[in-house]
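Got your viewer open? Grab the mouse and let's take a walk through this protein, one selection at a time.

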Amino acid sequence: MNYKGFDKDLKCRGFQYEIGKEYEMDGPVKACESGFHACEAPLDVFRYYPPATSRYCKVEQSGTLDRGNDDTKVASSKIKIGAEIGIPGLVKAQVEWIKNQTHEVKNGHSTGYRGAASATG
C-alpha cells in the first residue's frame with residue numbers, strides 16, 4: 001500500500017483522478033518524470049502536496065515500477081486509487097510503516113563499557 005497526494009480537486013499535475021478507479025499508461029515509467037507517482041512512506045507525500053490545501057489517498061501501484069532517489073517515491077504504469085485518508089490517517093500509517101521497517105535483535109541491548117544507550121552512571 002502506498003500513499004498519494006492530490007490538490008483539493010483530486011488532481012495531480014493536471015490529471016483528474018477518482019476514488020475507486022484504476023488507471024494505466026503506456027510508455028516509459030521514470031520516477032520524477034513519467035508515470036503515476038506515490039510514496040511508500042506516508043509522510044513523504046508532504047514534500048509534494050502541503051497539508052493545508054491537499055487531499056491524500058491510499059493507492060495500489062503495479063505494472064512497471066521505478067523508484068526515486070530522494071525519498072520513498074515510486075512511479076508506476078498502473079495505479080488504483082483507494083480510500084481517502086486525512087492527516088491523522090497518514091500519521092497513523094507512518095507509525096505502522098516505521099514499525100514494519102524495523103526489527104528486533106535478540107539480545108541486542110548494549111551494556112558494559114560501550115553501553116551508552118543504557119548508561120547508568
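Before we start clicking, one definition: helices and strands here are DSSP runs, at least four residues for a helix and at least two for a strand, and they are numbered from the N terminus. Also keep in mind that this is a predicted model.

**Stop 1: the whole chain**

Colour everything by secondary structure. You have 1 helix and 7 strands to find. Follow the chain along the sequence and the pattern reads β-β-β-β-β-β-β-α. The protein has 121 residues, and 33% of them count as buried. Now switch on the surface: about 8200 Å² is exposed, with carbon and sulfur atoms supplying 49% of that. How much of the contact list joins residues at least 24 apart? Among contacts between residues at least 6 apart in sequence, the share is 68%.

**Stop 2: the helix**

Select residues 87-101, which is helix α1. Show the side chains of K99 and E96: they form a salt bridge, and the closest N and O atoms are 3.6 Å apart. Both residues sit in this helix, 3 residues apart, or about one turn. E96 is partly exposed, because its relative accessible area is 38%.

Stay in α1 and click on Q94, which also belongs to this helix. Is Q94 buried or exposed? Its relative accessible area is 13%, so Q94 is buried. Leaving out residues up to four places away in sequence, Q94 touches A41, P42 and L43.

**Stop 3: a nonpolar patch**

That last neighbour is worth a click. L43 lies in the loop between β5 and β6, and L43 counts as partly exposed because its relative accessibility is 30%. Add I87, V91 and V95 to your selection: with L43 they make a nonpolar patch on the surface, and together the four have about 270 Å² of accessible area.

**Stop 4: strand β5 and its partner**

Next, select F36, H37, A38 and C39. In a regular strand, side chains alternate between the two faces of the sheet. Turn the view and check: F36 and A38 point one way from β5, H37 and C39 point the other way, and all of them are buried. Now bring in β7. The strands β5 and β7 pair in the antiparallel sense, over 4 bridges. To line them up, look for H37, which stands opposite A75 in β7.

**Stop 5: inside the core**

In soluble globular proteins, nonpolar side chains tend to be buried together. To see the largest nonpolar core in this model, begin with F6, Y17, I79 and I81. Of its 19 residues, these four touch the most other members. The elements that give two or more residues to this core are β1 (2-6), β5, β6, β7 and α1.

Zoom in on I79. What does I79 touch, not counting residues up to four places away in sequence? Its neighbours include Y17, F36 and V59, and also K4, E22 and E60.

**Stop 6: G82 in β7**

Slide along to G82, a residue of strand β7. G82 counts as partly exposed because its relative accessibility is 23%. Leaving aside neighbours within four places in sequence, G82 is in contact with I19, C57, K58 and V59. Now try the distance tool on G82 and K4. They are 78 residues apart in sequence, and their C-alpha atoms are 9.7 Å apart in space.

**Stop 7: salt bridges across the chain**

How many salt bridges are there? The count comes to 5, and you've already met one of them, between K99 and E96.

Select R47 and D71 next. Their side chains meet in a salt bridge, 3.2 Å from N to O. This pair links distant parts of the chain: R47 is in the loop between β5 (36-39) and β6 (55-67), D71 is in the loop between β6 and β7 (73-85), and they are 24 residues apart. D71 is buried, because its relative accessible area is 17%.

Finish with R55 and E84, whose side chains meet in a salt bridge at 2.9 Å, N to O. Here too distant parts of the chain are linked, with R55 in strand β6 and E84 in strand β7, 29 residues apart. R55 has 26% relative accessibility, so R55 counts as partly exposed. E84 has 37% and counts as partly exposed as well.

Conventions: Residues numbered from 1 in each chain as written. Predicted model: local features only at pLDDT ≥ 70, side-chain atom pairs only at ≥ 80, totals over all residues. Heavy atoms only, no water. Buried < 20%, exposed > 50% of the residue type's maximum accessible area, 1.4 Å probe, protein only. Contact = heavy atoms within 4.5 Å. Patch = residues over 30% accessible without salt bridge, like charges linked within 9 Å, V, L, I, M, F, W, Y side chains within 5 Å. Areas by Shrake-Rupley, 256 points an atom, 1.4 Å probe, with all protein chains shown as cover. Core = buried A, V, L, I, M, F, W, Y, C linked by side-chain atoms within 4.5 Å. Pairing = 2+ DSSP bridges.
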